[in-house]
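Reader: I would like to go through this model label by label. For each term, tell me what earns it.

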Amino acid sequence: MSASRVLDEGTFSRILEPRGAGRLPLGDGTWHQLARAYVRVQLISQGAFLVVVLAAAFALQFFLHVPWPWIPAGILSVITVVGLIITPRQARSFGYQLRRDDLVFRRGILWQRVVAVPYGRMQLVDITHGPLDRGFGIAQLKLVTAAASTGVTIPGLTQSAAEQLRDTLIAVAETRRTGL
């Protein structure tokens, strides 16, 4: 299977751009997306958090007979519900592009971020995944450079895409080492 097919397997069909005139443009090239399972994992995680918050508020009111736990529970519930609503759109705003000399990572709807990480400056490429991620077959790839501000974490990659991307980045970084 080709590298591009592995990176695009099970992902969204295209990256969504903000519509405003002041947006950061995507530029040319092939943008790769996150896996669709990332949205499900995020929705399950946020939904579980919402259930725990509501259960804790109910338990405190039931056992202590005080109504005040519903104030912070209400605030956290509203924030969590907003997160549940925007998660699918937010996940589609993530993307990465493998260019000749660097990897470009893009994320964000309101707060947009585009980071270019030169291959020769990469010091570590790390794959992590939690229990829920493993259950849905996704992983998170983290790139570490000497400059803390250019470190990139790409969440929601399929396991095979994360491994393929890690191997590709390590191979290219070895050929492009600069300043050593």
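Reader: Which residue stands opposite Asp 102 in β3?

Author: Pro 118 does. Keep in mind that this is a predicted model.

Reader: What makes β2 and β3 a pair of strands?

Author: Two strands pair if there are at least two bridges between them. Six bridges join β2 (residues 102-107) to β3 (residues 113-118). The cut-off is therefore met, and these strands count as paired. They run antiparallel.

Reader: Which residue is the bridge partner of Val 104 in β3?

Author: Ala 116 is the partner of Val 104.

Reader: What is the sheet around this pair?

Author: An open sheet of three strands, in the order β1-β2-β3. Its pairing is antiparallel.

Reader: Why are β1 and β3 called edge strands?

Author: Each has a single partner strand, so one side of each is left without a neighbour in the sheet. β1 covers residues 95-98. The twist in this sheet averages 15 degrees from one strand to the next.

Reader: What lies between β2 and β3?

Author: Five residues separate the strands of this hairpin. Gly 108 takes a positive phi there, near 110 degrees. Leu 110 is also found in the loop between β2 and β3.

Reader: Is Leu 110 buried or exposed, and how do you know?

Author: Exposed means over 50% relative accessible area. Leu 110 has 70%, so the label is exposed.

Reader: Which residues line the largest pocket?

Author: Ile 86, Gln 90, Phe 94, Arg 107, Gly 108, Ile 109, Leu 110 and Trp 111. So Leu 110 is exposed by its accessible area and also lines this pocket. Leu 110 and Gln 90, 20 residues apart in sequence, are 9.5 Å apart in space, C-alpha to C-alpha.

Reader: What is the volume of the largest pocket, and how does its lining divide?

Author: The volume is about 220 Å³. The lining has five nonpolar residues, two polar and one charged. Arg 107 is charged, because Arg belongs to that class. Gly 108 goes with the polar ones, because Gly is counted there.

Reader: What makes the contact of Arg 99 and Asp 102 a salt bridge?

Author: The cut-off is 4 Å, from a side-chain nitrogen of Lys or Arg to a carboxyl oxygen of Asp or Glu. For Arg 99 and Asp 102 the N to O distance is 2.8 Å, so the pair qualifies. Side chains of opposite charge can pair when their charged atoms come close.

Reader: How do you know whether Asp 102 and Arg 99 are buried or partly exposed?

Author: Buried means under 20%. Asp 102 is at 13%, so Asp 102 counts as buried. Arg 99 is at 42%, between the cut-offs of 20% and 50%, and therefore partly exposed.

Reader: How many salt bridges does this rule give?

Author: Three. One of them joins Asp 101 and Arg 100 at 3.6 Å, N to O. That is within 4 Å, so this pair also qualifies. Asp 101 is partly exposed at 43%, whereas Arg 100 is exposed at 67%.

Reader: What about the salt bridge of Arg 166 and Asp 167?

Author: Their side chains meet at 3.1 Å, N to O, so the 4 Å limit is met here too. Arg 166 is partly exposed at 26%. Asp 167 is partly exposed as well, at 44%.

Reader: In what order do β4, β5 and β6 form a sheet?

Author: The order is β4-β5-β6, in an open sheet with antiparallel pairing. β4 (122-128) and β6 (152-158) stand at the edges, because each has a single partner strand. Neighbouring strands of this sheet are turned by 20 degrees against each other on average, direction ignored.

Reader: How do you know that β4 pairs with β5?

Author: Six bridges join β4 to β5 (residues 138-145). At least two are needed, so the two strands pair. Leu 124 stands opposite Val 144 in β5.

Reader: How many helices and strands does the protein chain have, and what share of its residues is buried?

Author: There are five helices and six strands. From the N terminus on, they run α-α-α-β-β-β-β-α-β-β-α. Of the 180 residues, 34% count as buried.

Key. Residues numbered from 1 in each chain as written. Predicted model: local features only at pLDDT ≥ 70, side-chain atom pairs only at ≥ 80, totals over all residues. Heavy atoms only, no water. 1 Å grid on protein atoms, 1.4 Å probe; cavity = no way out; pocket = protein on both sides within 12 Å on 5 of 7 lines; lining within 4 Å. Points joined across faces, edges and corners; volume = space filled by probe spheres on them. Helix = DSSP H or I, 4+ residues; strand = E, 2+ residues; numbered from the N terminus. Buried < 20%, exposed > 50% of the residue type's maximum accessible area, 1.4 Å probe, protein only. Axes fitted to C-alpha atoms, helices over the stretch in contact; angles between N-to-C directions.
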